[in-house]
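Please open the model in the viewer and keep the sequence panel visible. The tour proceeds by selections, each followed by a description of what is found there.

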Amino acid sequence: KPSKKMKAQVGSITIDLHGYTKEAAVEKLNASLPSWIDAAMRGDYPFVIPVTIICGAGGQVLSEVVEQWIRDNERVANARKNMFI
């Protein structure tokens with residue numbers, strides 16, 4: 001279970017990919033990643049920040065693209081449930 005200290009230090013970043021094509025969504029994620037890494041590295045150990053990625057409703061095409069993007073990026077991971085409350 002994460003410490004209260006970790007919960008208190010965590011910022012909130014949200015990216016909304018509603019209406020993006022698959023290609024545009026990947027471009028947006030790739031363009032955003034360096035600033036997320038920079039923000040994490042300016043923070044405290046364990047140098048992790050949560051990013052909420054909103055894919056929207058529909059055929060789950062974007063959610064599958066996002067899942068693959070997360071798997072393909074070694075500096076990105078899915079957060080455990082309730083890690084950042």
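**A nonpolar patch on the surface**

Begin by selecting Met41, Tyr45 and Phe47, which in this predicted model form a nonpolar surface patch of about 370 Å². Keep Phe47 highlighted: this residue sits in the loop that connects helix H2 (22–42) with strand S2 (51–54). Is Phe47 buried or exposed? With a relative accessible area of 35%, Phe47 falls between the two and counts as partly exposed.

**Along helix H2**

Next, select residues 22–42, the helix H2. The end C-alpha atoms of H2 are 31 Å apart, in agreement with the 30 Å that its 21 residues should span at 1.5 Å a residue. Then centre the view on Leu33, where H2 has a kink of about 30 degrees, shortly before Pro34.

**The buried residues of H2**

Now display the side chains of Ala25, Leu29, Ser32, Leu33, Trp36, Ile37 and Ala40, the buried residues of H2. In an α-helix, residues three or four places apart point the same way, because there are 3.6 residues a turn. To see what covers these buried residues, add strand S1 (13–16), S2 and helix H3 (61–72), which are among the covering elements.

**The whole chain**

Finally, select the full chain and colour it by secondary structure. Three helices and two strands appear, in the order α-β-α-β-α along the sequence. Of the 85 residues, 26% count as buried. The chain exposes about 6,200 Å², of which carbon and sulfur atoms supply 51%. Among contacts between residues at least 6 apart in sequence, 65% join residues at least 24 apart.

Terms used. Residues numbered from 1 in each chain as written. Predicted model: local features only at pLDDT ≥ 70, side-chain atom pairs only at ≥ 80, totals over all residues. Heavy atoms only, no water. Helix = DSSP H or I, 4+ residues; strand = E, 2+ residues; numbered from the N terminus. Buried < 20%, exposed > 50% of the residue type's maximum accessible area, 1.4 Å probe, protein only. Contact = heavy atoms within 4.5 Å. Areas by Shrake-Rupley, 256 points an atom, 1.4 Å probe, with all protein chains shown as cover. Patch = residues over 30% accessible without salt bridge, like charges linked within 9 Å, V, L, I, M, F, W, Y side chains within 5 Å. Salt bridge = Lys/Arg side-chain N within 4 Å of Asp/Glu carboxyl O. Expected span 1.5 Å × (residues − 1). Bend = angle between axes of the 7 residues up to and from the residue.
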